[in-house]
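Subject: Structure handover

Hello,

Here is the structure I promised to pass on. Please open it first, then read the notes below.

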Amino acid sequence: AAPRLSDPGLFREQCYIDGRWVDADGGGVIDVTNPANGETLGSVPNMGAAETRRAIEAAEKAWPAWSGLLAKERATILRKWFELILENQEDLAHLMTLEQGKPLAEARGEVVYGAGFIEWFAEEAKRVYGDTIPQHQADKRIVVIKQSIGVVAAITPWNFPNAMITRKCAPALAAGCPVVIKPAAQTPYSAFALAELAERAGIPAGIVNIVTGDARAIGGEMTSSPIVRKLSFTGSTGIGKLLMEQCASTVKKISLELGGNAPFLVFDDADLDAAVEGAMISKFRNTGQTCVCANRILVQEGVYDAFAAKLTEAVKQLKVGPGQEEGVGQGPLIDSAALAKVEEHVSDATEKGARVVLGGARHERGGTFFQPTVLTDVTTAMKITREETFGPVAPLFRFKTEEEGVAMANDTEFGLAAYFYARDIGRIWRVGEALESGMVGINTGLISTEVAPFGGVKESGIGREGSKYGIEEFLEVKYLCMGGV
Ligand code: ADP
């Protein structure tokens, strides 16, 4: 059944290329389902390389006029897009919950968060400053300017169907670049709704394009096309590595935001109630399906039992159900593969000696619902230590000293987010500096904002999104050397 929206025009089932709503060349479609009940919501075009190429060519054609606008003119249009998104917050949130499953309150929050990137980068567009450099020879002058890089390809995941798109599009557009977006197959409708609002905001044809369908074919065209100058990807580490390899042949600039294995450390001087509150947000938001979700909760031995008891009490309060239901704090997992992975991590842990304090099994709601789970006595021999669970399972590890806690936290090839709770100011500096991650939440479980640089180190990625650093990813530095002065 088609979603009931107050503005039915926001539910689009076609792709958006060069300012037109279009079907796949062969007319094929792919169904989109609601993860809360398995029902079909509708379909989207099953496109491939040919349609992607057309979108890339349209983007290239539209680029000069868009980058030729004054920054203030682009900012005015982006501002309009931002306002339209906020005006349609309810419809966008409703659509997102239907296709993604997250609680409506979280979906509403994501719409505001996502729109924030557009507001922020509309403003940043005006501050793309260059440089002058004192000359190295008397008759020369040196000037550095920054220019839009060109056509951008963006590939986004299903866990934040709105914000992962605005986080890439807003800085690209602000910098003067057109984009071709491939949203995740599970959550295309949030992307189409954003394109509909982009059109209403007056973003010209060819500047925002959306293609859905065969991920390998679309990704293959995006990465091999010499027209595309930049790839921005958020998703799994495996696909990120593959895309990085594919981009080598045309030497594209890339931004990758990949998997994490976030440690969440609770030191014995922590405010335990605050730590529990932070752990709840960091672990259970979006049913544990965010790349910055706490994956390993490391607790110093002196407060281990007390923290475990308090956390278990808090987790017990989580209401599980479809995202539209009043008071629901945890929705379904995205699909059965996600459910299988969570089950596997729990059974592997229990087989190796972990204790299930709460949950540990599928939820009585059926489908892909899983019980909010707390495991204690988790050790580094278990799978949950090495792999991102991406589900509502809080595994509690024990450590003795600060050094041991930090070493355990860093014992991973990933380095996206890390969190810790402590009050001692010396410890806060030491641990903050020692953690190998792009972002550190200190006495907070929530770190995402458009004003700060989001991104990882090690195998968690390359580049930063949001903040003044985010726009640099879509700019090239050019140095002009004038002689004969
Ligand atoms: P997840 O586990 O979050 O689904 P993926 O990395 O598989 O992570 O998906 C993230 C995005 O990458 C999605 O839009 C997906 O369709 C896309 N994707 C998956 N495989 C490929 C591929 N071979 N080439 C390009 N994009 C891909």
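Let me start with a small sheet. Three strands form an open sheet in the order β5-β6-β20, and the pairing is antiparallel. The edges belong to β5 (131-133) and β20 (475-482). Each of these two has a single partner strand, so one side of each is left without a neighbour in the sheet. From one strand to the next, the twist averages 25 degrees. Eight bridges hold the antiparallel pair of β6 (residues 141-148) and β20. To find your way along that pair, look for V143, which stands opposite L480 in β20.

Please keep in mind that this is a predicted model.

The whole protein

Now step back. The protein has 15 helices and 20 strands. Its C-alpha atoms fill a box of roughly 70 × 65 × 40 Å along the principal axes. What radius of gyration does the protein have? The value is 23 Å. That agrees with a compact globule of 485 residues, which would have a radius of gyration near 23 Å. Buried residues account for 53% of the 485. Contacts reach across the sequence too. Take those between residues at least 6 apart: 72% of them join residues at least 24 apart.

The seven-stranded sheet

There is also an open sheet of seven strands. Its order is β14-β15-β16-β13-β12-β17-β18, and the pairing is mixed. β14 (355-358) and β18 (439-442) are the edge strands, each pairing on one side only. Here the twist averages 25 degrees from one strand to the next.

Begin with β12 (residues 262-266). This strand runs parallel to β17 (residues 417-421), and three bridges join the two. V266 has Y421 in β17 as its bridge partner.

Move on from β17 to β18. These two strands also pair in the parallel sense, over four bridges. A418 stands opposite V440 in β18. The edge strand β18 has two faces. M439 and G441 lie on the covered one, V440 and I442 on the uncovered one. This fits a general pattern: in a regular strand the side chains alternate between the two faces of the sheet.

A helix lies across part of this sheet. Helix α9 (residues 272-284) crosses β12, β13 (294-300), β16 (393-399) and β17. The helix runs at about 165 degrees to β17.

The ligand

Next, the ligand. Which residues come nearest to it? Of the 13 around it, the answer is A215, G219, G235, S236 and I239. Two helices, α7 (215-224) and α8 (237-248), each supply at least two residues of the shell. The largest share, three residues, comes from α7. By type, the shell divides into seven nonpolar, four polar and two charged residues.

Three residues to look at

Two of them stand out by their backbone. Most residues other than glycine have a negative phi. V251 is not a glycine, yet its phi is positive, at about 45 degrees. This residue lies in the loop between α8 and β11 (253-257). Is V251 buried or exposed? V251 is exposed, because just 9 other C-beta atoms lie within 10 Å, and the cut-off for exposed is 12 or fewer.

N443 is the second case. Its phi is near 55 degrees, again positive in a residue other than glycine. You will find N443 in the loop between β18 and β19 (461-462). N443 has 15 C-beta neighbours inside 10 Å, so it counts as partly exposed.

The third is Q330. This residue sits in the loop between α10 (304-316) and α11 (336-351). With 26 C-beta neighbours inside 10 Å, Q330 counts as buried. The cut-off there is 20 or more. What does Q330 touch, leaving aside its neighbours within four places in sequence? Its contacts are F284, T287, L318, V320, P372 and P392. Take the pair with T287: Q330 and T287 are 43 residues apart in sequence, but 5.3 Å apart in space, C-alpha to C-alpha.

That is the handover.

Best wishes

Terms used
Residues numbered from 1 in each chain as written. Predicted model: local features only at pLDDT ≥ 70, side-chain atom pairs only at ≥ 80, totals over all residues. Near = placed C-beta within 6 Å. Nonpolar A, V, L, I, M, F, W, Y, C, P; charged D, E, K, R; others polar. Pairing = 2+ DSSP bridges. Axes fitted to C-alpha atoms, helices over the stretch in contact; angles between N-to-C directions. Contact = placed C-beta atoms within 7 Å. Rg over C-alpha atoms; globule rule 2.2 N^0.38 Å.
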